[in-house]
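Got the viewer open and a selection box ready? Let's walk through this one stop by stop.

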Amino acid sequence: MSEQALSQPCADQDQIAWIRIASVFLPLANPISDAKVLTGRQKPMTEIAMLFVEIESKDGHRGLGFSYSKRAGGPGQFAHAKEIAPALIGENPSDIQKLWTKLCWAGASVGRSGLSTQAIGAFDVALWDMKAKRAGLSLARLLGAQRDSVRCYNTSGGFLHTPLDQLMKNTDLSREKGIGGIKLKVGQPNSAIDIERVSTVRRHLGDDFPLMVDANQQWDRPTAQRMCRKFEEYNLVWIEEPLDCYDAEGHAALAAAFDTPIATGEMLTSVAEHAEFINKRGADFLMPDAPRVGGITPFLKIASMAEHAGLMLAPHFAMELHVHLAATYPTEPWVEHFEWLEPLFNERLETRDGRMLVPTRPGLGLSLSDRVAGWTAQHVEIGQRA
Ligand SMILES: [Mg+2]
């Protein structure tokens with residue numbers, strides 16, 4: 001750009017012209033059970049409710065974003081998104097912080113966390129996708145990447161509905177795919193079964209292959225103490241959600257007492273909820289989930305606070321989005337490999353030598369597959385296409 005061009009004001013007068021919101025129910029191949037099912041609190045999961053947002057600007061720029069819910073919440077997210085979307089029409093799509101705040105105030109009486117911010121999350125991700133695309137950069141590069149690949153571990157092979165022999169086959173399959181760690185679900189009413197599964201898989205993997213466990217909030221404090229002590233000998237990368245997801249003091253006590261790092265944060269739904277865990281040192285690994293906290297804008301605030309507090313980062317689920325965000329974190333993070341969302345998109349993420357490669361396509365590097373139309377329960381269009 002010439003000196004003369006630099007002295008001119010930016011001519012960008014673009015406006016959001018059209019928004020499409022869709023509620024999509026993605027079926028899962030097998031019903032999924034973690035400890036919440038074995039303790040009777042939830043039913044096995046058979047589908048994921050996706051909230052997709054597509055945004056088009058007057059100048060023809062496009063962005064794709066999503067939020068999601070597991071079990072109840074999908075229709076509620078869609079209803080809230082539909083109600084607040086008109087506030088975006090006519091706004092400059094690059095003013096993302098302003099637009100997040102505007103959407104938040106539009107639904108202020110239903111709160112600044114949970115379902116209302118998750119609905120905002122789909123718009124926020126779409127606006128960041130558009131901004132990266134118009135810059136001709138991947139989302140990671142737009143935000144400022146630290147690396148072009150991220151360590152990744154597999155979760156989908158280690159759920160509690162999977163028998164032990166199949167679990168071993170799943171770990172072999174993950175390693176063959178170049179995935180760098182294995183996570184097992186624990187937290188069953190009979191803890192002897194948890195120990196047997198972890199010790200068998202640890203023997204199978206060898207002493208040093210990265211192995212994590214996830215109790216999905218199903219222990220009380222005394223049980224968590226006992227289990228964390230027992231698990232110390234297995235050289236685990238972390239013990240995840242040993243306690244109720246809002247018990248910051250309890251998680252902090254475990255993090256202080258044991259060598260094995262404590263991981264938590266996936267169920268938290270706002271910057272404020274994460275701030276409490278960061279301030280109380282309730283996690284060694286923080287696990288924010290961008291759609292669950294309201295999108296990329298709040299995620300970046302959480303990551304910045306976590307970095308300042310010296311925490312490690314392992315974003316939860318949605319690898320298609322989190323691989324970009326994890327790539328920007330200063331210390332080496334982990335990203336969670338789940339193939340569940342793959343049928344929604346035309347593109348595939350690559351894994352090699354224990355790491356997931358950050359896509360180099362513009363934006364998130366994602367486009368919706370033709371199969372999405374068949375899983376769409378309801379959709380709405382707002383504004384006019386340019
Ligand atoms: Mg988890």
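Start by selecting serine 138, which sits in the loop between α5 (115-135) and α6 (139-143). Keep in mind as you click around that this is a predicted model. Is serine 138 buried or exposed? Its relative accessibility is 7%, so serine 138 counts as buried. Show what surrounds it, skipping neighbours within four places in sequence: serine 138 is in contact with Ala132, His324, Pro359, Thr360, Arg361, Pro362 and Gly363.

**Next selection: serine 94**

Jump to serine 94, in the loop between α3 and α4 (96-106). With 19% relative accessibility, serine 94 counts as buried, because the cut-off is under 20%. Leaving out residues up to four places away in sequence, serine 94 touches Asp12, Lys131 and Arg134. Now put a distance label between the C-alpha atoms of serine 94 and methionine 130: they are 36 residues apart along the chain, and the label should read 8.3 Å.

**Now the sheet**

Switch to cartoon and pick out the open sheet of 4 strands, which runs in the order β3-β2-β1-β14 with antiparallel pairing. Its edge strands are β3 (62-70) and β14 (376-383), each of which pairs on one side only. Look along the sheet and you'll see the twist: on average, neighbouring strands are turned by 20° against each other, direction ignored.

Then select helix α3 (residues 74-84), which packs on this sheet and touches β1 (16-32), β2, β3 and β14. The direction of α3 makes about 175° with that of β1.

Zoom in on β2 (residues 45-57) and β3, where the antiparallel pairing runs over 9 bridges. Which residues are bridge partners here? Try methionine 50, whose partner in β3 is tyrosine 68, and leucine 51, whose partner in β3 is serine 67. In a regular strand, side chains alternate between the two faces of the sheet. Follow the hairpin of β2 and β3 round its turn: there are 4 residues between the strands, and glycine 60 takes a positive phi near 85°.

Before leaving, colour β3 by accessibility. Being an edge strand doesn't leave β3 out in the open: 8 of its 9 residues are buried, so β3 is largely enclosed by the rest of the structure.

**On to the metal**

Select the magnesium ion. Which residues coordinate it? The donors come from Asp214 (OD), Glu240 (OE) and Glu266 (OE), at 2.0 to 2.2 Å. Along the chain, the donors follow the spacing D-x25-E-x25-E. Aspartate 214 is in strand β6 (residues 211-214) while glutamate 266 is in the loop between β8 and α11, so this pair ties together parts that are 52 residues apart in sequence.

The UniProt record, an unreviewed entry, has a "binding site" annotation covering Asp214, Glu240 and Glu266. These residues are spread over 53 residues of sequence but cluster in space, with a largest C-alpha distance of 11.4 Å.

Take the donors one at a time:

- Aspartate 214 counts as buried, at 0% relative accessibility. Beyond its neighbours within four places in sequence, aspartate 214 is in contact with Lys183, Leu184, Lys185, Val186, Glu240, Glu241 and Glu266.
- Glutamate 240 lies in strand β7 (residues 239-240) and also counts as buried at 0%. Not counting residues up to four places away in sequence, glutamate 240 touches several residues, among them Tyr153, Val213, Asn216, Ala263 and Met287. Draw a dashed line from the side chain of glutamate 240 to that of lysine 183, and you have a polar contact at 2.8 Å.
- Glutamate 266 has 5% relative accessibility and counts as buried.

**Last stop: helix α10**

Finish with α10 (residues 248-257). Which of its residues are buried? Select Ala248, Gly250, His251, Ala252, Leu254 and Ala255. An α-helix has 3.6 residues a turn, so residues three or four places apart point the same way. What covers the buried residues of α10 includes α9 (221-231), β8 (262-264) and α11 (271-279). For a closing close-up, go to the start of α10: a side-chain oxygen of aspartate 247 reaches to within 2.7 Å of the backbone nitrogen of glycine 250.

Technical notes
Residues numbered from 1 in each chain as written. Predicted model: local features only at pLDDT ≥ 70, side-chain atom pairs only at ≥ 80, totals over all residues. Heavy atoms only, no water. Buried < 20%, exposed > 50% of the residue type's maximum accessible area, 1.4 Å probe, protein only. Helix = DSSP H or I, 4+ residues; strand = E, 2+ residues; numbered from the N terminus. Contact = heavy atoms within 4.5 Å. Polar contact = N/O pair within 3.5 Å; in protein donor to acceptor, adjacent residues only side chain to side chain. Donors = N, O, S within 2.8 Å, 3.2 Å for Na, K, Ca; no water. Pairing = 2+ DSSP bridges. Axes fitted to C-alpha atoms, helices over the stretch in contact; angles between N-to-C directions. UniProt positions renumbered as here; feature names shortened; annotations may be inferred.
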